[in-house]
Structures are given as structure tokens and as C-alpha cells.
Amino acid sequence: LIGIDVAKEDNLADWYTQVITKGQMISYYDVAGCYILEPGSYAIWENIKAWFDAKIKTLKVRNAYFPIFISSDNLEREKEHLEGFAAEVAWVTKGGKSDLEKPVAVRPTSETAMYPHFARKIQSHRDLPLKLNQWNNVVRWEFKHPMPFIRSREFLWQEGHTAHLTQEQATEEVLQILDWYADVYQELLAVPVVKGTKTVNEKFPGADFTTTIEGFIPATGRGIQAATSHALGQHFSKMFNITVEDPTAKEAGKSEHVHVWQNSWGLTTRSIGVMILTHGDNRGLVIPPRVAEIQVVIIPAGVTAKTTPEAKEDLYNKVDKIKSDLESVGVRVETDLREGYSPGFKFNDWEMKGIPLRIEFGPKDAEKGQVTTSRRDIDDKTAARGETKIDDLKTAIPELLEQIQKDMLAKATKAYDEHRVQLTNWDDFVPTLNGKNVILVPHCEGDKCEDEVKAKSARTALGDGVTEDKQAPAMGAKSLCIPFDQPEGIKEGETKCINPDCKNFAKKWVLFGRSY
Ligand SMILES: O=C1CCCN[C@@H]1CCCn1cnc2ccccc2c1=O
């Protein structure tokens, strides 16, 4: 196992492949678009899952499990819902040698598996609210270039599906879930996100409105959808006829049936890929302490052929004591006592795996009653190092891990803020986009206008006078979201839409960017 031998800034694709394989997150598999999640990445998914599952349980969401197969009758219940997605549906057409009478779909998402059941389960308003979640896998037979964690034909996620008596209850939940999604990224993965609403073009056709958190990959300057929380309104309850007696109508002498108000919300293993792309460097993975399977690795130093067995024994005993001290305050620790490997080799090995903090401990440290620490998140080797008194370990190391977590989020937030550029002049749009930025502009919110912005910002024709290699073709800018956090400056009926060919006035600041 040698180190990473391609620089992130030189070739992101090759860098990413080396970082996730040599960091033992992913192994490749012989079905295109499918990958093995090694224990290193599955442990991160488990930490995300533990945190988010505890949160939704405070809302009394219960986990359930629905079949992976969906009948074509159910899947195709509503053409509008399926439009645009049909090409991604994987079908089972044979059992052994015999053809299936009616092919069944492999779930790409579970609305159409769950909602016929909801219709049976929900008869009275007393059955509301119904709140189910699944931690499962879904299959989408994508044809776009696959990328481990970011775009694969099978991925893990959670999908929450709830039904409420009133629109207010539903809306409150949609926003609470989105806040928790933002917390998963910012508090656990140290990845900044922008909260917002999807435009008409980008929202889920089966939803009243889609709320989203949008991430950013500085290395490519592209936005990335990080999670979504949909207010489905009554679309699906009308499609699947999920109604209840309206309890308030009784008093008014009317006994009317109301369609329930539904939400669906999802976060996927793409979150792990965003974390890797955000924090990884030219030595490999950098894992935020809050989700790291191993937070600290202790590596004995100064053991040479001249070290007497007693001295080695004494050193290893002290290392074990340091380990148990840290474990006693909840730190996840490993020791690397492997014989026959130099400390330098071990440092490189654990750096590739992105362990947030290394503790070196040799006879000199033992004499001084201290350990030497080395933070993984700081590139400069000298700045990364520190000393901690052995007596202070139980407080100093947890504090240091928290500091690393905070600093990782601050660094990534600075990069996102510097590359999220607010513009009002169209002439700056494409150059800024080509400068690896996402762009916040006044926009009319028209879907046709949005399509025009995308077309105008695609780089197909070679820019004038620029050599071919610099002007690789690039997709146009899509709208990423209408940020909840709206800057000042748009005057209703006065501020023009950014698109010079659009006659309409701007309604909101809309975030645009090339995206995954
Ligand atoms: O995002 C979420 C969050 C979790 C629950 N589902 C919603 C909406 C999924 C939208 N979607 C996305 N890809 C699809 C692919 C094939 C068929 C249907 C679909 C489809 O409905």
C-alpha cells in the first residue's frame, strides 16, 4: 500500500478513486455502477443513521420495511409522477428460466409501494398522523457516469413517508426534517449546505414543493443536492384515495372526507461522498471526528533493535494505559503495535484512512510525562503537532477532537462562501461560473427562462481565442435552489431578471450552478 500518487487539484477523478480505495472505503464490483461499501464507509453510514434515527424517533416516526419489488400497476399508477423517471426503473422480467407474467419493478423509491397500504391503514382521523421510515436500498438504473457514493445504480438511504390531517402539521415536519438534514451535514460531516426550495423546474413532480440542502464541491466548482424533504400536499392522497372523515366538519353538520396531507424525505450515502470530496487532501481521507470509526490512533515511537524487551514492555503498558484513559471518556481509539513497520509507514497508513488525530508516544515522551499529537486536518506538519500532558489526556483529547471538528466545518464553510458569488450583471455570469463558482442572481422564477439560462451558460462552442484543452465542453448552470436566506436588493416590479432576454421582473435570489 503506497500513498496517494495523484494530486486532488491535478486530476480529481483519479485522486478520488485512489483516496476511497486506499482509504478502504470502497471496493469495485463487476456490475456496472455498483460498489462494495467497505467497513470504513459503512461505519460512517451507521453513525449518520444512529444520529438521524434518534431524531426522527422524537417525532414518533417508526421504522418499517416494505418489499423491494413494486408491481407495474402500482408503479405506473400516475403517469405524471413517473414521467422523467421511467428510464431509470430496473425491472425483474424472469424467475429462473421462465418469464414473469407481469414484470415487477425494483424500487427506485417507495411511494407507490407504501401508499396503497396507507390507503388501507388510514380510515379515520384517529389513524393520523401516520409516520413511517425505511432504512433501505433503492435501485435507479442511471446511464450517467457513475461515481462511488455520488451516483450509483444502487444506494442506501432513509426514506420517510408521513400522512397528516392538516397542511400546517405536514409543513412543520418538512422543515424540521430539513433542519436535521442540515445538521447531519454541518454538525456530523462538517460540510456546509445552503437550505432552500427547489424551483418549478427542479422540484419533484409529485410534490407541492420540494425543500433541499445544496452542497458545493470546491474542486470542481459544482453544486450537489445533499438531501430533500418534499411537501407532497394531496397529490398522492388523491392518486391513492387516502381520505379520512374531517373531524371538524361533523360539528358543522357536514360529514365530508378530506384527503390527507403527506410528506416524503430522503438522505442517502451520497453524503459520504460529499464529505470525502470536501475534506480529503493529497495524503488521502480526512474524516471529521464526530463520524470517525476511529478518532485517535496511538503509535509507539522510538522502539529500535536496541530497545530492551523490558523497556518495550514498559512503553507498551503505558500505551495501553493511554488507550484505556481515552476510552473511559468515550474516545474511539486504536493502537498500532504492528512489528516490522516503521512509524513513518504507520503514519502514512493511518493518514490515508483519515484518522482525525494521531498520538505518538516514545521513551522521550514517557520521560516528560506527555504525548505528541498530530492533527490530520492541518496540512502543515509542524502546525499539526502538539504536546499533551498524560495527566490532561482525558480532557485535552476530547477538546482537541471538538476543535478539529469545528475547524473542518469553518474551513469548508469559508471555501463555499468564497465560491458563492452574488451577481446582478449577466455579463459576469458565465465567466464567474467558469471560475468554479455557484452564483446567486435575481431571477423571475420562470421555468422557460431557467432553461434559457442553462442553455446560455453551457460551454459547447470553444471560447474565442482559448486553446481547445482549456475549453472542455461543460453543462449549463441549473437552478440549485431558492435559498431560504434571501439577500436584500430585489425590488418587486423593478429589479430585472438576470437573463437579458427575459422581459419579466425578478422575484427572488436564485442559486445557479453546474451540478452533479
Ligand atoms: O426524493 C425523495 C425522498 C425520499 C422518498 N422519495 C422522494 C421522491 C423521489 C423522486 N423519484 C426519484 N427517482 C425516481 C426514479 C424512478 C422512479 C421514480 C422516481 C422518483 O419518484
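How many nonpolar, polar and charged residues does the lining of the largest cavity have? In this predicted model, the count by class comes to 4 nonpolar, 1 polar and 5 charged residues. The names behind that tally are Arg283, Val297, Phe347, Trp350, Glu351, Ile355, Arg358, Ser374, Arg375 and Arg376. As for volume, the largest cavity comes out at about 70 Å³. Two elements, helix H11 (343-352) and strand S18 (370-375), each put at least two residues into its lining, and H11 is the top contributor with 3.

That void has company, since the structure holds 2 cavities of 30 Å³ or more. The second largest cavity has a volume of about 50 Å³, and its lining reads quite another way by class: 7 nonpolar residues, 1 polar and no charged ones. Around this cavity sit Val191, Pro192, Phe216, Pro218, Thr278, Ala412, Ala415 and Tyr416. Here helix H13 (residues 393-418) gives the most to the lining, again with a count of 3 residues.

Then there is the ligand. The space it takes up is the largest pocket, and the elements that each hand two or more residues to the shell around the ligand are helix H4 (79-82) plus three strands, S8 (154-164), S11 (222-233) and S14 (261-268). The shell counts 18 residues, and those that come nearest to the ligand are His81, Thr109, Glu111, Arg140 and His230. Sorted by class, the shell splits into 7 nonpolar, 7 polar and 4 charged residues.

Some of the shell can be pinned down to atom pairs. On the nitrogen side, a ligand N atom lies 2.8 Å from an N or O atom in the side chain of Thr109. On the oxygen side, a ligand O atom is 3.0 Å from a side-chain N or O atom of His230, while for Thr228 the separation between a ligand oxygen and an N or O atom of the side chain is 3.5 Å. Taken on its own, the ligand has 480 Å² of accessible area, and the protein covers 94% of that. Thr109 and His230 thus turn up twice in this account, both among the residues that come nearest to the ligand and in the atom pairs, at 2.8 Å for Thr109 and 3.0 Å for His230.

Notes:
Residues are numbered from 1 along each chain as its sequence is written. This is a predicted model: local features need pLDDT of at least 70, side-chain atom pairs count only at pLDDT 80 or more; totals for chains, interfaces and linings use all residues. Side-chain values use heavy atoms; hydrogens and water are left out. A residue is near a molecule or strand if one of its heavy atoms lies within 4 Å of it. A polar contact is a pair of N or O atoms within 3.5 Å; within protein, one must be able to donate a hydrogen and the other to accept it, and residues adjacent in sequence count only if both atoms are side-chain atoms. Accessible areas come from the Shrake-Rupley method with a 1.4 Å probe; for residues, only the protein chains shown count as cover. On a 1 Å grid over the protein atoms alone, a cavity is a set of points where a 1.4 Å probe fits but cannot get out, and a pocket is an open set with protein on both sides within 12 Å along at least five of seven lines; lining residues have an atom within 4 Å of a point. A molecule sits in a cavity or pocket if more than half of its atoms lie within 2 Å of its grid points. Helices (H or I, at least four residues) and strands (E, at least two) are DSSP runs, numbered from the N terminus. Ala, Val, Leu, Ile, Met, Phe, Trp, Tyr, Cys and Pro count as nonpolar, Asp, Glu, Lys and Arg as charged, and the others, Gly among them, as polar. Grid points are joined across faces, edges and corners, and a volume is the space filled by probe spheres set on the points.
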